[in-house]
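Please walk me through this structure, beginning with its charged contacts and then moving on to how its helices pack.

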Amino acid sequence: MVSVDKPVEEQEAEIRQGLSSAEMGALAHLWRGEVYRSTIWRTRLDTTTNWAVVTLGIALSIAFASREASPLPLVLVGILILFFLMLEARRYRYFNVWRARCRWLETHFYAPMLQDGNLRLGEGWQKELAEDYWVPRYHVSFRVSVGRRIRRNYLWILLIQTAAYIGKLIVHPNPVQNVEMFVDRAAIGPVPGLVVLAAGAFYVVAWSGWALQSWHHDRRRWGSTQRPTGMG
């Protein structure tokens, strides 16, 4: 018999110590559904990354097709890459909803059941999951999702683009002889080469800094234990 002097949460934990076989089967099907949805959205993430890689490859082919070819395609492709990055970050926010729910069930339902057979309903993990279904929400901000996608994929794409652009200026149409020649080659129409190079440096530093800030955010949130206590 439950004491009336105990808090409501403790009384509920004492009353509900386990799940029926039907409820456990429903949770298993729920997990399978969330895995399927996360897989679908993971495929969409790969699609936008592939688009960015392909467009960069096309720009590389055009820029290095001949000595006289302009390096401008390597600059313009950056606009497309950033568009794909923003699109992928938006898709990542959806993907992370399903991924977080799957991981939540794995760490709070399957892992305890496999370890000691105790579902630990008194910890309230099922209420956290229920709340996420009652009030669906993104688990990460758009800023964090952009940073994560830069760290995982786009930082390498941006660095390859930058290295290819610098290499093009150095070797074509003939090897540079001094810094002044390198700066002059970077000029785009009426825009001086120094301005173009400064914008390129800001381009690389900004995205690298965004990725680093995102990494620090995740480290603060999850710590070094790799055992998160919240979804996201």
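**Salt bridges and helix packing**

There are 10 salt bridges in the structure, which is a predicted model. One of them joins E34 to R101, with 3.4 Å between the closest N and O atoms. This pair ties together distant parts of the chain, since E34 belongs to helix α2 and R101 to helix α3, with their positions 67 residues apart in the sequence. E34 and R101 are both buried.

A second salt bridge is made by R137 and D132, whose closest N and O atoms are 3.1 Å apart. The two partners are covered to unlike degrees. D132 has a relative accessibility of 0% and therefore counts as buried, the limit for that class being under 20%. R137 has 38% relative accessibility, so R137 counts as partly exposed. These contacts belong to a wider set: E34, R37, R101, E128, D132 and R137 are linked in a network of salt bridges.

A further salt bridge lies within a single helix. The side chains of R103 and E106 meet at 3.3 Å, N to O. R103 and E106 are three residues apart in helix α3, so about one helical turn separates them. R103 is partly exposed, with a relative accessible area of 43%. E106 is also partly exposed, because its relative accessibility is 25%.

The helices that carry these side chains come next. The secondary structure of the chain amounts to seven helices and zero strands. Along the sequence this reads as α-α-α-α-α-α-α. Of the 232 residues in the chain, 32% are buried.

Two packed helices are described by the angle between their axes and the distance between the axes. How do α2 and α3 cross? Their axes come within 8 Å and cross at roughly 160°. An angle over 145 degrees counts as roughly antiparallel, so α2 is roughly antiparallel to α3. The crossing in which α2 passes α3 is left-handed. It is these two helices, α2 and α3, that hold E34 and R101 respectively.

Helix α3 also packs against helix α5, which spans residues 142-171. The angle between α3 and α5 is about 160°, and their axes are 8 Å apart. α3 and α5 are therefore roughly antiparallel to each other. The crossing of α3 and α5 is right-handed, whereas α2 passes α3 in a left-handed crossing.

A third packing partner of α3 is α4. The angle here is about 165°, with the axes of α3 and α4 10 Å apart. That angle makes α3 roughly antiparallel to α4. α3 passes α4 in a left-handed crossing.

Some individual residues show how parts of the chain that are separated in sequence sit in space. Y133 is found in helix α4, which covers residues 125-134. Y133 is partly exposed, its relative accessible area being 30%. The C-alpha atoms of Y133 and R101 are separated by 9.6 Å, although these residues are 32 positions apart along the chain. R101 is the residue already met as the salt-bridge partner of E34.

I157 gives another example, this time from helix α5. Is I157 buried or exposed? With 7% relative accessibility, I157 counts as buried. I157 and T49 are 108 residues apart in sequence, yet their C-alpha atoms are 9.3 Å apart in space.

The surface has a nonpolar feature to consider as well. F64, I166, I170 and V171 make a nonpolar surface patch of about 290 Å². F64 is placed in the loop between α2 (21-63) and α3 (72-115). F64 has a relative accessible area of 35%, so this residue is partly exposed.

Taken together, helix α3 recurs through this account. Helix α3 packs with α5 at an angle of about 160° and with α4 at about 165°, and the axes of α2 and α3 cross at roughly 160°. R101 in α3 takes part in the salt-bridge network together with E34, R37, E128, D132 and R137.

Technical notes
Residues are numbered from 1 along each chain as its sequence is written. This is a predicted model: local features need pLDDT of at least 70, side-chain atom pairs count only at pLDDT 80 or more; totals for chains, interfaces and linings use all residues. Side-chain values use heavy atoms; hydrogens and water are left out. Patches are made of residues with over 30% relative accessible area and no salt bridge: like charges are joined within 9 Å, nonpolar side chains (Val, Leu, Ile, Met, Phe, Trp, Tyr) within 5 Å. Accessible areas come from the Shrake-Rupley method with a 1.4 Å probe; for residues, only the protein chains shown count as cover. A salt bridge is a side-chain nitrogen of Lys or Arg within 4 Å of a carboxyl oxygen of Asp or Glu. Helices (H or I, at least four residues) and strands (E, at least two) are DSSP runs, numbered from the N terminus. Buried means under 20% relative accessible area, exposed over 50%, partly exposed in between (1.4 Å probe, protein chains only). Axes are lines fitted to C-alpha atoms, for helices over the stretch in contact, and angles run from 0 to 180 degrees between N-to-C directions. Angles under 35 degrees count as roughly parallel, over 145 as roughly antiparallel, 65 to 115 as roughly perpendicular and the rest as oblique. A crossing is left-handed if the near helix is turned anticlockwise from the far one by less than a right angle, and right-handed if clockwise.
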